Amino acid sequence: MYNGALVVGTSEKDIDYLNNKQLDLPVVVMNVPGEGFSSVYVDEYQVGRECAKLFQKAAISTAGIITQIYKGRGPGMRQLGFLQACKEYEIRVEENWKIDTQERTFDCGRTAMKQLLSQQEIPQAVFIMSDKIAIGAVYTLNEENLSVPEDLSIICYGDNELLNIMKPTISCIRFSVNDMIEDAISLLIAMFENNIKEPMAKIKTADFVFRESFPNPEKCD
């Protein structure tokens, strides 16, 4: 017997089950919104919109996006939010500037950036859905002697220590997993201590970490 359950790494099948099953114990799911269960999650759609908003503030008029072929729920919502907001902000995103990679790896990042650079025209900035892909992309830009952010600005989703030692350092969007876990545990405890039956949600906001590849537009002259 358990007082409650904290669920991570859920599949689409898991989510369908939780949305349609009346459980006898409180359940909190990490980073997935739902109707039949409580959750702590990042609003991925809004993350994409906020990235496009940053591009607008930086006077970016043309943008690209590099993501995975298999997007999943989170990346898919980020891409949707980004593309819809770009349209609203009149930021042009050509179809050949939307590059899909097979995997989230350094080599796939290099290949994706080479594909982008092979176009007759390249965008001013690119939103990259993975930190590992971004490292490979910037490596290729360095090989081609292109200047970042002067020739091409880069911001990626996800953070790791390599982003801060690359030349140039890479700007990113990140959220604290530890903070999410703490909030999920607190929510779970509150539910069974107060006998709360209705699903609850706590929406986390992502942080933008500005480095050399995309300086903070609000601090630029």
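Is Glu218 buried or exposed? With a relative accessibility of 58%, and the bar for exposed set at over 50%, Glu218 counts as exposed. Keep in mind that this is a predicted model. Glu218 sits in the segment after strand E10 (207-209). Its C-alpha atom is 7.4 Å from that of Lys57, although the two residues are 161 positions apart along the chain.

## Helix H4 and what it packs against

Now for helix H4, which takes in residues 106-117. From first C-alpha to last, its twelve residues reach 17 Å, close to the expected 16 Å. Which residues of H4 are buried? They are Cys108, Gly109, Ala112, Met113 and Leu116. These residues are on the same side of H4, because they cover an arc of only 130° around the axis. There's a handy rule behind that kind of spacing: an α-helix has 3.6 residues a turn, so residues three or four places apart point the same way. Flip to the other side of H4 and you'll find Asp107 and Thr111, which are exposed.

What do the buried residues of H4 pack against? The list has four strands and a helix: E4 (63-68), E5 (98-101), E6 (125-128) and E7 (153-157), plus helix H5 (131-143).

## Strand E7 and its neighbours

Strand E7 is worth a closer look. Five of its five residues are buried, and both of its faces are covered. Ser153, Ile155 and Tyr157 are on one side, with Ile154 and Cys156 on the other.

E7 has a parallel partner in E6, and four bridges join the two. Within that pairing, Val126 stands opposite Ile154. Put helix H5 into the picture, and E6, H5 and E7 make a right-handed β-α-β unit. E7 also pairs with strand E8 (residues 171-174), again in the parallel sense, this time over three bridges. Here Ile155 has Ser171 as its bridge partner.

## Aromatic pairs

How many aromatic pairs does the structure hold? There are six, and two of them are set out below. A pair of aromatic rings is described by the distance of the centres and the angle of the planes.

| Pair | Centre to centre | Angle between planes | Geometry |
|---|---|---|---|
| Phe55 and Phe82 | 5.6 Å | 90° | edge-to-face |
| Phe106 and Tyr139 | 5.4 Å | 70° | edge-to-face |

Take the Phe55 and Phe82 pair. Phe55 lies in helix H2 (residues 44-57) and Phe82 in helix H3 (residues 73-88), so the pair ties together parts that are 27 residues apart in sequence. Both Phe55 and Phe82 are buried. They also belong to a cluster linked by ring pairs, along with Phe127 and Phe214.

The Phe106 and Tyr139 pair brings us back to H4. Why is this pair edge-to-face? The planes of the two rings are at 70°, and the cut-off for that label is over 60 degrees. Phe106 is in helix H4 and Tyr139 in helix H5, so to speak a link between distant parts of the chain, 33 residues apart. Phe106 counts as partly exposed, at 31% relative accessibility. Tyr139 is partly exposed too, with a relative accessible area of 38%. Both values fall between the 20% and 50% cut-offs.

Technical notes
Residues are numbered from 1 along each chain as its sequence is written. This is a predicted model: local features need pLDDT of at least 70, side-chain atom pairs count only at pLDDT 80 or more; totals for chains, interfaces and linings use all residues. Side-chain values use heavy atoms; hydrogens and water are left out. The expected span of a helix is 1.5 Å times one less than its number of residues. Buried means under 20% relative accessible area, exposed over 50%, partly exposed in between (1.4 Å probe, protein chains only). The arc is that of the directions from the helix axis to the C-beta atoms. Contact means heavy atoms within 4.5 Å. Two strands pair if DSSP finds at least two bridges between them. A crossover is right-handed if, with the strands pointing away from the viewer, the path from the first strand over the helix to the second runs clockwise. Rings of Phe, Tyr and Trp (its six-membered ring) pair if their centres lie within 6.5 Å; planes under 30 degrees apart count as stacked, over 60 as edge-to-face and the rest as tilted.
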